[in-house]
Amino acid sequence: MPRIVYVNGEYVNEKDAKVSVFDRGFLFADGVYEVTTVLDGELIDNDAHLARLRRSLGELDMAEPCPPEKITEIQRALVQKNSLSEGLVYLQVTRGAADRDFAYPKDAEPTLVLFTQEKSIADNPTAKTGIAVITTPDIRWARRDIKTVGLLAPSMAKMEAVNAGADDAWMVDGDGFVTEGSSNNAYIITQDGAIVTRALSNAILHGITRRAVLALAQEADMRIEERKFTVSEAENAVEAFITSASSFVMPVVSIDGRQVGSGKPGPMTNRLRQLYIDMARKSARPAA
Ligand code: PMP
């Protein structure tokens with residue numbers, strides 16, 4: 001069944017969805033995006049995603065296409081029109097179409113596009129075995145806190161991983177510290193049981209799942225250290241994992257071909273994944 005997508009005020013068949021060749025998203029990657037998980041037909045942690053969208057737009061002096069409540073309405077309409085039970089709603093805002101010029105146009109109307117994707121997230125079988133990551137230099141720009149559609153560098157990192165027979169890449173800054181995964185935040189668990197993940201800065205995306213998982217870890221009395229870690233520290237960790245809206249908490253069982261801990265998803269990672277899924281399901285189906 002063809003998808004119904006949203007483009008600038010209209011719900012259309014995906015085959016009929018069109019954006020101008022002069023759109024600055026196309027010409028300059030002058031656009032930002034968000035990905036919200038859908039579980040049991042409900043949007044998970046969506047207000048936090050829309051707050052981050054507003055921040056990304058603000059950092060780029062880009063107009064809001066409509067108020068957040070209207071965006072939520074569109075997201076819900078798409079979930080319903082596409083009978084989506086589990087998966088993602090992708091949303092993208094660009095500065096709009098204007099004759100090609102590096103300076104921002106004064107009068108362009110922002111472009112707003114949303115579409116859904118089906119995906120098994122809570123029961124993703126990969127969570128039982130975990131993923132393998134490679135490490136690669138982080139060649140992205142310096143404002144990774146802004147969620148722009150300029151995703152070629154992480155796409156190259158992902159392909160390097162795929163070509164090496166791995167699942168994803170952890171990107172490493174010039175000082176040898178891991179920044180994050182190609183599309184996720186990165187964590188290790190040290191021999192003495194601390195969860196270590198890089199602190200928020202312009203060097204990483206401020207993950208919505210990261211925030212929720214750290215709050216759950218704190219509630220569960222787990223120790224958290226928000227600081228940089230090196231690749232060799234990661235290789236000596238007892239567990240490692242990633243978080244993102246589309247993977248929740250996903251175990252990492254090898255780094256550059258070296259097994260992490262037992263080489264299987266570890267108990268703390270599994271517990272965090274379960275805590276997150278329970279929280280997400282509860283928020284999707286609040287008690288009456
Ligand atoms: N870092 C990067 C570079 C990402 O692309 C993503 C996912 N878009 C994340 C982290 C995770 O963010 P979230 O938990 O909000 O999906």
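Q: What makes a residue part of the group around the ligand?
A: A residue is near a molecule if one of its heavy atoms lies within 4 Å of it. In this predicted model, 17 residues surround the ligand, and the closest are Lys147, Glu180, Ile208, Thr209 and Ala245.

Q: What makes the pair between Glu180 and the ligand a polar contact?
A: A polar contact is a pair of N or O atoms within 3.5 Å. A polar side-chain atom of Glu180 lies 2.6 Å from a nitrogen atom of the ligand, so the pair counts as a polar contact.

Q: How do you know that Arg52 and Ile208 make polar contacts with the ligand?
A: The cut-off is again 3.5 Å. In the side chain of Arg52, an N or O atom is 2.9 Å from an oxygen atom of the ligand. For Ile208, a backbone N or O atom lies 2.8 Å from a ligand oxygen atom. Both pairs therefore qualify. As for cover, the ligand has 390 Å² of accessible area on its own, and the protein covers 93% of that.

Q: Why is the ligand said to sit in the largest pocket?
A: A molecule sits in a pocket if more than half of its atoms lie within 2 Å of the pocket's grid points. The ligand sits in the largest pocket, which means that it passes this test there.

Q: Which elements each supply at least two residues of the shell around the ligand?
A: They are α2 (46–59), α6 (208–219) and β13 (239–244). By class, the shell has four nonpolar, nine polar and four charged residues.

Q: Why are β3 and β5 called paired strands?
A: Pairing needs at least two bridges. Strand β3 (residues 31–39) and strand β5 (residues 87–94) have eight, in the antiparallel sense, so they pair. Thr37 stands opposite Leu88 in β5.

Definitions and conventions
Residues numbered from 1 in each chain as written. Predicted model: local features only at pLDDT ≥ 70, side-chain atom pairs only at ≥ 80, totals over all residues. Heavy atoms only, no water. Polar contact = N/O pair within 3.5 Å; in protein donor to acceptor, adjacent residues only side chain to side chain. Areas by Shrake-Rupley, 256 points an atom, 1.4 Å probe, with all protein chains shown as cover. 1 Å grid on protein atoms, 1.4 Å probe; cavity = no way out; pocket = protein on both sides within 12 Å on 5 of 7 lines; lining within 4 Å. Helix = DSSP H or I, 4+ residues; strand = E, 2+ residues; numbered from the N terminus. Nonpolar A, V, L, I, M, F, W, Y, C, P; charged D, E, K, R; others polar.
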